[in-house]
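Me: I am in my first year and still learning to read protein models, so I would like a close look at one part, followed by a walk outward from there. Please take it slowly and link each step to the next.

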Amino acid sequence: MLTIQQKWQIEMLMLVILLIKYHNSIRDRSYLLRAAVVHPSLSPWRYLYEHGDDCSFLHLTGLTREAFIILQDILFPPEPSDEFGRRPPGRPKLLDKSSSLGLLLFYIGSTMTNKYLCLIFGIVPTQCTIYIKDMLLLATDKLCCHPLSSVRFPDAAKMEQFAAMVNAREPLIDDVIGFMDGVSLPTQCTSEENEQNAMYDGYTCDTTVNNVLAYGPDGKVFLSALNFPGSWTDGKMSAHFIEFIKRKIGRYKICVDQGFPRQGEAYGILVGPISRRTARGLHRDVRDYLLKISNIHTSLRQASEWGMRGLQGTFPRLKSRLPYDKKKRRLVLETIVFIHNLRTDIVGMNQIKTVFFPEYERIHTLEGYDRIRQYYFRPGEYDTDDDNDESDSDDE
């Protein structure tokens, strides 16, 4: 039987434990307050937009002023003016149309967190998050069907044009219309166990999402498979869209690397360089020709690497960890692809578009300019003793 004093000591001990637990649960948080940032009309972005030179504007936004205005008109079509001059109901927005678009471009064109974007645009983090989310939804809704930005598989006339552009560079190839490759992007971890397990990529030992993109000779993306689990390989992902390509592509082909299947359903649709093991098993009568075609495919496949580098170089958001929320992550990926297509069409500055432009052939023919020559098969490199035996028997 406990005495009154013992009960009081136990209660005090329990109270101290509860106070310690409560104290440890309190986090010392810091916030960015409204008083610490300038008004949006005096922000660095507003000064850049109104007084910055064209070179600086292109460097920071990735778009020329002409392309910026075109994109702004697509996202915010002109509204009919009120004959009485009345403003729309509700509280006026802190950021106008140009600033909202600028915030979107700075978000996908950098790896900055929201607190640094707030200093550039003169808003607080809560408003920044809301504006970015609204702009991502608006961009994907407006750009998905616009001819300058949409991801659309080429029709018969466009495929013929693409094949002619590739053929002008490689005369032995007359049926390749595009170049496809996969890219793995890091993403934040999620608390959902099954989703986290699917996102884990054992090759990179990281949580990633896998994406497959196909580029045309004009530098634009015409086929995309985005936001797939990082544990899925390029070959496994191709099973989801190979039937779609088969229905659309006709006699033409897409150049890929060895990570994609080229047998079964993909036979005659996906082509690419052969492996060194396969090269050793080729018959001597067709070996030199097939190795030459393989070298051409190796050269063409490099275009997909230029496309991936162009995406990640212009939109560094892809280099940082993408959001764990799969819906927002998909919005970010789709917005980047759409704006990439629009930028390629209006601004240019695309390696694929430059290389397959007819004027580029004057430079390409310079001796030693091909930087991937080291990956080519060389004539006679895979001759075997069986070839010599067969030659001797033919002579006899």
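Reply: Trp-45 is a good place to start, and in this predicted model it lies in helix α2, which covers residues 44-51. Is Trp-45 buried or exposed? Its relative accessible area is 1%, and because buried means under 20%, Trp-45 counts as buried. If we leave aside the neighbours within four places in sequence, the residues in contact with Trp-45 are Phe-57, Thr-61, Phe-68, Ser-98, Ser-99, Gly-102, Phe-106, Ile-120 and Phe-121. One of these contacts can be followed along the chain as well: Phe-57 is twelve residues apart from Trp-45, and the C-alpha atoms of the two are separated by 9.9 Å.

It helps to set this residue against the whole chain. The protein chain has 396 residues, of which 43% count as buried, and its secondary structure comes to 17 helices and six strands. Among the contacts in the chain with a separation of 6 or more, 68% are between residues 24 or more positions apart. The accessible surface comes to about 23400 Å², and carbon and sulfur atoms hold 55% of that area.

From the helix we can turn to the strands, beginning with β1, which spans residues 176-186. Nine of the eleven residues of β1 are buried, so the strand is largely enclosed by the rest of the structure. Which strands pair with β1? With β5, at residues 253-255, β1 runs parallel and is joined by three bridges, and within this pairing Gly-178 has Ile-254 as its bridge partner. With β3, on the other hand, the pairing is antiparallel and extends over eight bridges, and here Gly-182 stands opposite Val-212.

Strand β3, residues 206-215, leads on to β4, since these two also pair in the antiparallel sense, over six bridges. Asn-210 has its bridge partner in β4, namely Phe-228. Together β3 and β4 form a hairpin with five residues between them, and Gly-219 in the turn has a positive phi of about 90°. Strand β4 itself, at residues 221-229, has eight buried residues out of nine, so it too is largely enclosed by the rest of the structure.

The next step is to ask how buried nonpolar residues group together. The largest nonpolar core holds 65 residues, and the members that touch the most others are Leu-71, Leu-103, Phe-179 and Leu-300. Helix α14, residues 326-346, gives the most to this core, with eight residues. Apart from this core lies another one, of 24 residues, among them Met-159, Ile-177, Ile-254 and Val-256. You have already met Ile-254 as the bridge partner of Gly-178. If we do not count residues up to four places away in sequence, Leu-300 touches Val-166, Glu-170, Ile-173, Val-176, Phe-179, Cys-255 and Phe-356.

Empty space is worth following too. A search of the whole structure finds two cavities of 30 Å³ or more, and the largest holds about 90 Å³ of space. Which elements each supply at least two residues of its lining? They are β1, β3, α13 and α14, so that two of the strands described above appear again. Among the lining residues are Val-183, Asn-211, Leu-226, Met-308 and Val-337.

The largest pocket contains about 560 Å³ of space. It is lined by 23 residues, and those that lie nearest its centre are Arg-262, Val-271, Gly-272, Ile-274 and His-297. Strand β6, at 270-271, and helix α13, at 284-314, each supply at least two residues of this lining, and α13 gives the largest share, five residues.

One more helix closes the walk. Ala-279 has its place in helix α12, residues 276-280, and with a relative accessible area of 0% it is buried. Its C-alpha atom is separated by 8.6 Å from that of Leu-290, a residue eleven places apart from Ala-279 along the chain.

Conventions. Residues numbered from 1 in each chain as written. Predicted model: local features only at pLDDT ≥ 70, side-chain atom pairs only at ≥ 80, totals over all residues. Heavy atoms only, no water. Helix = DSSP H or I, 4+ residues; strand = E, 2+ residues; numbered from the N terminus. Buried < 20%, exposed > 50% of the residue type's maximum accessible area, 1.4 Å probe, protein only. Contact = heavy atoms within 4.5 Å. Areas by Shrake-Rupley, 256 points an atom, 1.4 Å probe, with all protein chains shown as cover. Pairing = 2+ DSSP bridges. Core = buried A, V, L, I, M, F, W, Y, C linked by side-chain atoms within 4.5 Å. 1 Å grid on protein atoms, 1.4 Å probe; cavity = no way out; pocket = protein on both sides within 12 Å on 5 of 7 lines; lining within 4 Å. Points joined across faces, edges and corners; volume = space filled by probe spheres on them.
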